[in-house]
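The exercises below are meant to be worked through slowly, with the sequence and the structure open side by side. Try each task before reading the solution that follows.

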Amino acid sequence: MTAPRRAAARAILQGAIDRGELPAGLDLDLGTDLLIAPLAFRVLVIQGSSDDEYLETLTNAIEAALRAAVR
């Protein structure tokens, strides 16, 4: 069940690479983990809320991590 979601995340990342928004050397497996894992952990494990402020901060952190996730 996770394979289609991971494929969709990889396609999103590849599109960002193709547009020059993310580095060409981005590790797509790690990038996919970075997109999915933090929010899944928050929702499924700690059952925390995800208000707009949290999501904005998370987005900024993930964007910075994606730029650093280069092979």
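A residue is called buried when its relative accessible area is under 20%, exposed when it is over 50%, and partly exposed in between, as computed with a 1.4 Å probe on protein chains only. This is a predicted model, in which local features need pLDDT of at least 70 and side-chain atom pairs count only at pLDDT 80 or more, while totals for chains, interfaces and linings use all residues. Residues are numbered from 1 along each chain as its sequence is written, and side-chain values use heavy atoms, with hydrogens and water left out.

**Exercise 1.** Describe how helix 1 and helix 2 pack.

Begin with the elements themselves: helices are DSSP runs of H or I with at least four residues, numbered from the N terminus. Helix 1 covers residues 2-18 and helix 2 covers residues 28-45, and the two pack at an angle of about 110 degrees with their axes 9 Å apart. That angle makes helix 1 roughly perpendicular to helix 2, a term used for angles of 65 to 115 degrees.

Next, list the residues in contact, which means heavy atoms within 4.5 Å. Helix 1 contributes Arg5, Arg6, Ala9, Arg10, Leu13, Gln14 and Ile17, and these meet Leu28, Asp29, Gly31, Thr32, Asp33, Leu35 and Ile36 of helix 2.

**Exercise 2.** Find which residues form salt bridges with Arg6 and Arg10.

A salt bridge requires a side-chain nitrogen of Lys or Arg within 4 Å of a carboxyl oxygen of Asp or Glu, and the structure holds five of them. Arg6 pairs with Asp33, their closest N and O atoms being 2.8 Å apart. Since Arg6 lies in helix 1 and Asp33 in helix 2, the pair ties together parts that are 27 residues apart in sequence.

Arg10 forms a salt bridge with Asp29, where the closest N and O atoms are 2.7 Å apart. This pair, too, links distant parts of the chain, with Arg10 in helix 1 and Asp29 in helix 2, 19 residues apart.

**Exercise 3.** Is Arg67, the salt-bridge partner of Glu63, buried, partly exposed or exposed?

First locate the pair: Glu63 and Arg67 both lie in helix 3 (residues 52-68), four residues apart, about one turn of the helix. The closest N and O atoms of their salt bridge are 3.0 Å apart. Then apply the cut-offs: Arg67 has a relative accessible area of 43%, so Arg67 is partly exposed, and Glu63, at 37% relative accessibility, counts as partly exposed.

Technical notes: Axes fitted to C-alpha atoms, helices over the stretch in contact; angles between N-to-C directions. Parallel < 35°, antiparallel > 145°, perpendicular 65-115°, else oblique.
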